Amino acid sequence: MYKSDFKRFYKKHADSVYRFLFFRVSMNREVAEDLTSEVFMKALKAFASYDPKKSESAWIHTIARNHLKNHYRDTKKTEDIDDIVLGYDGQRVEDEIDEIRELRGHLAKLEKKDRQLLEMKYIQGFKYKEIGEILKKSTGAVRVEAHRALKKLRQLYESK
Amino acid sequence: MKANKQFKAAKKIATPSRAFKRVLWVELRQEFSKEYPGFRISWRQVVLVPLTVFVVVMMAGAGTYAYASPEVTQRHTLYPIKAGIESIEGKFHRNLESDMQFHMRMMDRRLDESEILFERQQDEENYLDPVEHEMIIVIHGLDTDDLDPAMRLMIIQTLNMHQVRFDQLAQQIIYDGTCGGPHEEMVRNKIGNIRVQITESGLSEEEKRALLESFLLEPINN
């Protein structure tokens, strides 16, 4: 377990962890930053026992999900993590939200699994292989499902 | 298209600031040192760094040795390195004069190698070929009016000295009479070929005579 390994790990996953948390804490930067810090502190403490043969993305994603669940429990939130669609509590600058308001509306109409796939691929920035590792599916299956989900989303844009 | 644009916007909004990431890494680094005090140096630093230095030094040393030593002759393990370096060196000569000087130097090096191969009684029939090749390049290079007269004279004098060395080596090969290595007919043919190249070149009669005189050994047909 070496510092250089952890640095590489942190650089690779910091953005995706933050993005996952950000939309689930109502786009509140301060909270997202606090949670991201805590997630990586947990990862650091557990890093010595991490099995390099397993997917890094799946491992850190599990830590982030569990940590977020704890946060919800502590703040008495009852929402399902996967039901939140680009969560927003009305505190942010309207211009920023306007840009994604339509996307949020369309995503909300999709099935949970499609929404999750699109978010992981196009917002969190995961590769198909990483999504497959997290969702325990083959890369090919993920690619096909993401393609279909995107097609559904485009149809929603067209039918507007 | 609109979806892609809005995904990009969402991604941008949800990007952590660089300052945050930097500060978090500082905190993580400090925590790391507390959590894993024994692991300051990675195996890469312990193994790879000295190994890389060793390999680089060895390669640089081998390259220098290969290039500089006449002992590195054809069939030697390092000969491809020597030939590679010379080939790169040969590409840097942009004008005729520097190109001629380069080939004169190569002729000298090939002669050194041939003399060593002869001393070793090397069973290598063609070790005179590279010398002959360099000599012919230089003779053809002289077949022009573009050379400065002083440079031209210097090249002819040097070529003359190399021809004397070549001739002496050829005589030794013939009269030594050892098994293996170039045989008499081959050696005389080479001398004959160089003579023909000189005779048929556009050099002045005086230059031709000066060059031809340096060969004591007669070609096989004389």
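This is a short tutorial dialogue on reading features of a predicted model.

User: Before we start, what are the ground rules for this model?

Analyst: It's a predicted model, where local features need pLDDT of at least 70 and side-chain atom pairs count only at pLDDT 80 or more, while totals for chains, interfaces and linings use all residues. Residues are numbered from 1 along each chain as its sequence is written, chains are lettered from A and ligands numbered from 1 in the order in which they are written, and side-chain values use heavy atoms, with hydrogens and water left out.

User: What is the mean pLDDT of chain B, and where is confidence lowest?

Analyst: Think of pLDDT as the predictor's confidence in each residue, from 0 to 100. Where pLDDT is low, the predicted coordinates should not be read in detail. Chain B has a mean of 84, with 91% of its residues at 70 or more. Confidence is lowest in α3(B), at a mean of 82, and highest in helix α2 (residues 18–35) of chain B, at 91.

User: Next, chain A. How many helices and strands does its secondary structure have?

Analyst: Helices (H or I, at least four residues) and strands (E, at least two) are DSSP runs, numbered from the N terminus. Chain A has 7 helices and 0 strands. Of its 160 residues, 52% are buried, where buried means under 20% relative accessible area, exposed over 50% and partly exposed in between (1.4 Å probe, protein chains only). Contact means heavy atoms within 4.5 Å; in chain A, residues 24 or more positions apart account for 62% of the contacts with a separation of 6 or more.

User: Which residues have the most contacts inside the largest nonpolar core?

Analyst: The general idea first: in soluble globular proteins, nonpolar side chains tend to be buried together. A nonpolar core is a set of buried Ala, Val, Leu, Ile, Met, Phe, Trp, Tyr and Cys residues joined through side-chain atoms within 4.5 Å. Here the largest one has 50 residues, and Phe6(A), Phe40(A), Leu153(A) and Leu28(B) have the most contacts inside it. Its largest share, 9 residues, comes from α1(A). Leu28(B) touches Phe6(A), Tyr10(A), Phe40(A), Met41(A) and Leu44(A), leaving aside residues up to four places away in sequence.

User: And salt bridges: how many are there over all chains?

Analyst: Side chains of opposite charge can pair when their charged atoms come close. The rule asks for a side-chain nitrogen of Lys or Arg within 4 Å of a carboxyl oxygen of Asp or Glu, and it gives 24 over all chains. In chain A, Lys137(A) pairs with Glu145(A) at 2.9 Å, N to O, and Lys137(A) is partly exposed at 36% relative accessibility.

User: Is Glu113(B), which bridges to Arg110(B), buried or exposed?

Analyst: Glu113(B) is buried, at 2% relative accessible area, and Arg110(B) is buried too, at 7%. Their closest N and O atoms are 2.9 Å apart. They sit 3 residues apart in helix α5 (residues 96–119) of chain B, so about one helical turn separates them. Both belong to a salt-bridge network with Lys82(B), Glu86(B) and Arg109(B).

User: What does Arg165(B) form a salt bridge with?

Analyst: Its partner is Asp112(B), with the closest N and O atoms 2.6 Å apart. Arg165(B) lies in helix α7 (residues 149–176) of chain B and Asp112(B) in helix α5 of chain B, so the pair ties together parts 53 residues apart in sequence. Asp112(B) is partly exposed, at 25% relative accessibility.
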